[in-house]
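This report describes selected local features of a predicted model. Please look over the sequence and the structure before reading on.

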Amino acid sequence: MTSNRLDVVFVFLDNGDKNLYQVRQWIQPLQRLAAHRDVTVLYVSDDVTPLLADSGLGAAQVQLPEGLVEFLNARKPKLLLYPNQNVRNFYALRYGEGIHAWVSHGESEKAYMVQNTLRRYDLYFAAGQAAQERASKHIGDFKPERIRLIGRPQSGDRHPVPDSFVPSTDATAKVFYAPTWEGVTGATRYTSIESHGLRLVESLIERGYQVVYRPHPLSGSRDQGIARADRAIRRLLQKANEKTSKDTTNQSQHYVDTTEFGWQLAALDVMITDVSAVAYDWLATGKPLIVTQPSDERAVVIDSPLFNRTPRLAVSDVADVGTLIAGLRSQKEQALAEYYFAGSSQSDELFLVAVDEAIKMADALPELPPLELFLPRGKRLGWLRYPNFGIRILAKSLGLWSTVSKKTPTFKSDVLYTHFSDPFDTVSVKAWLPEIADHLNRGRVVLATNQITTKLLLQRAFGRRNKNLVVLACSSTADSEKLIETLEPKELRYLKDHPTNLAALRANGVDHVLYRPEVDPNFAPTHSLIMYNEIRTSSAELTDFVNRILKVSTPKIGSPLDSR
């Protein structure tokens with residue numbers, strides 16, 4: 001083994017500054033871990049550099065994907081920790097000589113905490129028993145040995161109150177309103193900013209509460225209605241502050257909070273939030289907590305002890321929020337806190353034990369050839385992206401391309417094939433034509449693709465009016481959700497291993513099968529194969545590769561004959 005291997009690498013591949021809080025909340029736990037293991041933060045955004053300047057942690061800024069591949073091949077980290085589910089993680093998850101562990105950026109019962117994409121990581125460093133039970137319940141065949149309980153390492157952090165915040169000097173409660181953002185899909189649309197926010201803050205101000213407003217950094221990034229509501233709340237707080245600025249007896253002001261998270265837990269009295277990770281951080285304080293009821297019917301709210309015991313604030317009850325706060329009493333929910341955060345007083349020790357175990361696993365892994373470069377779609381396509389846009393626009397105008405979100409299927413299918421790829425991937429599609437023909441001889445084939453070029457090639461090969469071949473247009477995460485919801489497949493068979501598969505791989509309750517990937521001339525196996533439930537293959541070479549992956553996260557291996 002290489003002598004200069006790194007112990008722990010914290011992987012943060014986000015661009016910009018919107019998700020920097022995910023790095024900030026891990027800096028102090030990583031600093032304490034660095035007393036026992038070498039720790040490096042791997043990142044791409046310039047905005048991360050100042051956060052690490054005086055941290056004492058190793059720092060490695062890389063460019064995607066070339067710099068990342070070079071770093072992994074040269075330093076061969078043993079343990080890679082991921083705070084989020086960013087699709088860019090795919091580039092690092094291909095690396096097979098280390099252990100990949102998801103640490104999350106906060107305990108919560110949002111849908112992404114139990115999405116099938118947790119399979120992408122060898123291990124899940126979960127907060128407590130609640131997280132363990134969620135994963136076991138919702139993610140099929142998720143081996144319990146993949147879960148390590150680490151509590152909440154951030155519980156040992158220290159956060160000074162910012163000088164810009166002046167707390168109220170009277171007996172009025174200081175209310176922390178911390179709504180989440182709009183999410184990527186309807187299932188994660190928990191935000192209350194547009195539905196509750198303005199009337200909620202108005203009611204709190206009228207009741208004389210000091211309001212600390214801290215929206216999620218991504219609020220309004222995907223929905224202009226949320227952005228407008230956020231701006232309206234900020235203007236309301238500013239006007240309220242202008243009215244009270246002449247009061248010489250109490251210089252406290254309502255506060256739009258853009259500071260580091262943590263100090264609020266000790267300094268404020270009541271929290272109002274959405275289905276969000278911060279609710280769980282607040283839980284351990286024993287102070288009053290109110291959780292908003294999502295107004296979007298698509299939002300998935302998982303049944304949980306926390307929400308069952310916590311007052312829920314519907315849109316219709318916003319005007320009475322003051323009465324609700326007045327009726328609450330601080331209660332220490334120690335048993336409930338322990339259910340969500342294992343050994344909360346020993347989180348650093350639990351975290352270190354989990355890290356040490358993972359590093360031992362990494363030491364036992366076989367040495368592999370260097371990781372090969374995988375270019376992002378834009379670089380692979382180059383100028384070809386422009387004619388692809390033109391073809392798609394033309395196909396839409398001719399009625400040849402209508403995604404399932406716009407034209408929903410009306411039938412069911414136990415098996416759904418997918419071929420998600422880059423545009424003009426004719427080599428892969430042509431290689432599959434004999435196989436598809438064989439399946440068509442035995443019955444109907446329903447296939448989803450994200451490329452109009454794939455659909456046109458299949459229709460040319462088998463005839464546009466072939467009743468046994470149904471090709472569906474699926475270009476987004478929303479399309480994938482609608483497709484699975486409507487067709488209710490028991491099994492998804494992926495004919496190509498591609499990053500775009502992640503849109504469908506989110507779904508629980510479906511067997512995700514990578515089907516004969518060796519048919520694709522461009523297929524090259526990597527560690528990221530663990531994101532499938534099963535791989536059906538006739539390749540002894542591929543079978544051998546999969547069997548060298550960490551046993552606890554190895555997908556099942558089957559034969560294509562099992563599908564007949």
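What volume does the second largest cavity have? The second largest cavity has a volume of about 40 Å³, and it is described first below.

## The second largest cavity

Lining this cavity of about 40 Å³ are His 419, Val 429, Trp 432, Ile 436, Leu 447, Thr 454, Leu 458 and Leu 495. The elements that contribute two or more residues to the lining are α16, which spans residues 426–442, and α17, which spans residues 452–462. The greatest contribution is that of α16, with 3 residues. By residue class, the lining of the second largest cavity divides into 6 nonpolar and 2 polar residues, with no charged residue.

## The largest cavity

When the whole structure is searched for cavities of 30 Å³ or more, 2 are found, and the largest of them has a volume of about 110 Å³. Its lining is made up of 15 residues, of which Val 103, Glu 107, Phe 125, Ala 127 and Gly 151 are the closest to the centre of the cavity.

Strand β6, residues 123–126, provides the largest share of the lining of the largest cavity, namely 3 residues. The lining residues of the largest cavity fall into 9 nonpolar, 4 polar and 2 charged.

## The second largest pocket

Turning from cavities to pockets, the second largest pocket has a volume of about 990 Å³. Of the 41 residues that line this pocket, Arg 94, Phe 523, Ala 524, Pro 525 and Thr 526 are the closest to its centre. Both α14 (377–381) and α20 supply at least two residues each to the lining of the second largest pocket, and α20 accounts for the largest share, with 4 residues. In terms of residue class, the lining of the second largest pocket consists of 20 nonpolar, 8 polar and 13 charged residues.

## Helix α20 and its two sides

Helix α20, which also appears in the lining of the second largest pocket, runs over residues 540–547, and within it Leu 542, Phe 545 and Val 546 are buried. These three residues lie on the same side of α20, because they cover an arc of only 95° around the axis. On the other side of α20, Ala 540 and Glu 541 are exposed.

The buried residues of α20 are covered by elements that include β19 (534–536) and β20 (556–558). At the start of the helix, a side-chain oxygen of Ser 539 comes to within 3.4 Å of the backbone nitrogen of Glu 541.

## Thr 537, ahead of the helix

Thr 537 is located in the loop between β19 and α20. Is Thr 537 buried or exposed? With a relative accessible area of 7%, Thr 537 falls under the 20% limit, and therefore counts as buried. Once residues up to four places away in sequence are set aside, Thr 537 touches Glu 518, Leu 542, Thr 543, Gly 558, Ser 559 and Pro 560; among these, Leu 542 is one of the buried residues of α20.

Two polar contacts can be described for the side chain of Thr 537. One joins the side chains of Thr 537 and Glu 518 at 2.9 Å, while in the other the side chain of Thr 537 reaches the backbone nitrogen of Ser 539, also at 2.9 Å. Thr 537 and Ala 266, by contrast, are 271 residues apart in sequence and 56 Å apart in space, C-alpha to C-alpha.

## Ser 192 and Thr 273

Ser 192 is placed in the loop between β8 (174–178) and α6 (193–206), and Ser 192 is buried, with a relative accessible area of 0%. Its side chain and that of Asp 274 are joined by a polar contact of 2.7 Å. Apart from neighbours within four places in sequence, the residues in contact with Ser 192 are Tyr 177, Pro 179, Gly 197, Asp 274 and Thr 292.

Thr 273 belongs to strand β11, residues 270–273, and counts as buried because its relative accessibility is 0%. Leaving aside neighbours within four places in sequence, Thr 273 is in contact with Ala 178, Val 278, Ala 279, Leu 289, Ile 290, Val 291 and Thr 292. Thr 292 is thus listed among the contacts of Thr 273 and also among those of Ser 192.

How values were computed:
Residues are numbered from 1 along each chain as its sequence is written. This is a predicted model: local features need pLDDT of at least 70, side-chain atom pairs count only at pLDDT 80 or more; totals for chains, interfaces and linings use all residues. Side-chain values use heavy atoms; hydrogens and water are left out. Buried means under 20% relative accessible area, exposed over 50%, partly exposed in between (1.4 Å probe, protein chains only). The arc is that of the directions from the helix axis to the C-beta atoms. Contact means heavy atoms within 4.5 Å. A polar contact is a pair of N or O atoms within 3.5 Å; within protein, one must be able to donate a hydrogen and the other to accept it, and residues adjacent in sequence count only if both atoms are side-chain atoms. On a 1 Å grid over the protein atoms alone, a cavity is a set of points where a 1.4 Å probe fits but cannot get out, and a pocket is an open set with protein on both sides within 12 Å along at least five of seven lines; lining residues have an atom within 4 Å of a point. Grid points are joined across faces, edges and corners, and a volume is the space filled by probe spheres set on the points. Ala, Val, Leu, Ile, Met, Phe, Trp, Tyr, Cys and Pro count as nonpolar, Asp, Glu, Lys and Arg as charged, and the others, Gly among them, as polar.
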